[in-house]
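Okay, thanks for squeezing me in. Let me put the model up, and then I'll walk you through a few spots in it.

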Amino acid sequence: MSDAVCLKHVEKGDYAYEEAIKTLRTNIQFCGSNLKTVMFTSSMPDEGKSEIVMALAVSLASIGKKVLLVDADIRRSVLITRHGVRGRINGLSQYLSGQKTMEEILYHTNIEGMDIVFAGPYSPNPAELLEENSFKELIRAAREDYDYLLIDTPPMAGLIDGAIVAGLCDGAVIVIESGAISRRLVQRVKAQLEKSGCRILGVVLNRMDTSRDRYYGKYGKYNSYKRDAYEQYYEKKKE
């Protein structure tokens, strides 16, 4: 295990946001005791996927769960810069390419119970790296050592990386930015996940403007999670 890293800016301090993350956490737990490896994906960049998966990891750790967050977005990782991580950091791309061992890319964090694997340096062939047996070995080992393995994957519209990861996961959560993503794009992501055989747990409707809602209006934006509600979401959009 490498030295510990300090993650900054992990708490929002927003009541409605924190409550929504707790709801997401609860629904993940109710998906069953066999659910250990969960991937988070989106259709396009900047829908808030990495922010959601980090918040969930912190929330699960806060109730005593042992959590490993794996940043598998080798193409465009944001975790190191967003959370102010300093120093020379080894990452997933180096492990998958044989440059580092598993122990050298695992980091404890300042969040008790939460460890992390960063994406590592950019690689020109991330899909090929994720197909390596070493990635399967990482997931197998993590399933034995942790209560939950949360994997942050690249957006799936036009990229195959997420579909490769999906085949190794117990379930997937799709993050959708409210009012910004077309139905066609999300349907494409849904189809890719279904082909991989990965169970779609539900969606996180992110950055939803609730300013017109009398109850939530004072809290601004929040996130909502709907377990197994993919079709319900689009039926509502049709109304």
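**Helix 7 and its two sides**

Let's start with helix 7, where the buried residues are Phe-135, Leu-138, Ile-139, Ala-141 and Ala-142. Look down the axis of helix 7 and those buried residues fall within an arc of 165°, so they line one face of the helix. That spacing should look familiar: an α-helix has 3.6 residues a turn, so residues three or four places apart point the same way. Swing round to the other side of helix 7 and you find Asn-133 and Glu-144, both exposed.

I also checked the length. Helix 7 covers residues 133-145, and at 1.5 Å a residue its 13 residues should span 18 Å. The end C-alpha atoms of helix 7 are 19 Å apart, which agrees.

I should say right away that this is a predicted model, so please keep that in mind for everything that follows.

**The chain as a whole**

Let me zoom out for a moment. The chain has 239 residues, and buried ones make up 52% of them. For secondary structure, we have ten helices and nine strands. And how do the contacts spread along the sequence? If you take contacts between residues at least 6 apart, 81% of them join residues at least 24 apart.

**Helix 9**

Now for another helix with two sides. Helix 9 takes in residues 183-196, and its 14 residues should span 20 Å at 1.5 Å a residue. The end C-alpha atoms of helix 9 are 20 Å apart, which agrees.

Which residues are buried in helix 9? They're Leu-185, Val-186, Val-189, Lys-190, Gln-192 and Leu-193. Yes, there's a lysine and a glutamine in that list. Down the axis of helix 9, the buried residues fall within an arc of 160°, so they line one face of the helix. On the other side of helix 9, Arg-184 and Lys-195 are exposed. Right after helix 9 comes Gly-197, and its phi is positive, near 85°.

**Strand 2 and its neighbours**

Next, strand 2, which is residues 37-42. Is strand 2 mostly covered or mostly open? It's mostly covered, with six of its six residues buried. Both faces are covered, too: Thr-37, Met-39 and Thr-41 sit on one side, with Val-38, Phe-40 and Ser-42 on the other.

As for partners, strand 2 runs parallel to strand 6, residues 148-152, and four bridges join the two. If you want a spot to click on there, Met-39 stands opposite Ile-151 in strand 6. Strand 2 also pairs in the parallel sense with strand 7, residues 171-177, this time over five bridges. In that pairing, Phe-40 stands opposite Val-173 in strand 7.

**Lys-49**

Keep Phe-40 on screen, since Lys-49 touches it. Lys-49 lies in helix 2, residues 49-62. Would you call this lysine buried or exposed? Lys-49 has a relative accessible area of 6%, and the cut-off for buried is under 20%, so Lys-49 counts as buried.

What does the side chain of Lys-49 reach? The backbone oxygen of Thr-153, at 2.8 Å. Leaving out residues up to four places away in sequence, Lys-49 also has contacts with Thr-41, Ser-42, Asp-73, Asp-152, Pro-154, Pro-155 and Val-175, among others.

**Two more buried side chains and a ring pair**

Leu-129 is in helix 6, residues 126-130, and is buried at a relative accessible area of 8%. Leu-129 and Ser-97 are 32 residues apart in sequence, yet the C-alpha atoms are 6.8 Å apart in space. Beyond its sequence neighbours, Leu-129 touches Ser-93, Leu-96, Ser-97 and Ser-123.

Over in helix 4, residues 92-96, there's Gln-94, buried with a relative accessible area of 12%. Past four places in sequence, Gln-94 touches Ile-89, Gln-99, Lys-100 and Pro-121.

Last item: the structure holds one aromatic pair. Tyr-107 and Phe-118 make an edge-to-face pair, 6.0 Å centre to centre with 65° between the planes. Tyr-107 is in strand 4 and Phe-118 is in the loop between strand 5 and helix 6, eleven residues apart. Both Tyr-107 and Phe-118 are buried.

That's my tour, and I'm happy to spin the model round for anyone.

Conventions:
Residues are numbered from 1 along each chain as its sequence is written. This is a predicted model: local features need pLDDT of at least 70, side-chain atom pairs count only at pLDDT 80 or more; totals for chains, interfaces and linings use all residues. Side-chain values use heavy atoms; hydrogens and water are left out. Buried means under 20% relative accessible area, exposed over 50%, partly exposed in between (1.4 Å probe, protein chains only). A polar contact is a pair of N or O atoms within 3.5 Å; within protein, one must be able to donate a hydrogen and the other to accept it, and residues adjacent in sequence count only if both atoms are side-chain atoms. Contact means heavy atoms within 4.5 Å. Two strands pair if DSSP finds at least two bridges between them. The expected span of a helix is 1.5 Å times one less than its number of residues. The arc is that of the directions from the helix axis to the C-beta atoms. Rings of Phe, Tyr and Trp (its six-membered ring) pair if their centres lie within 6.5 Å; planes under 30 degrees apart count as stacked, over 60 as edge-to-face and the rest as tilted.
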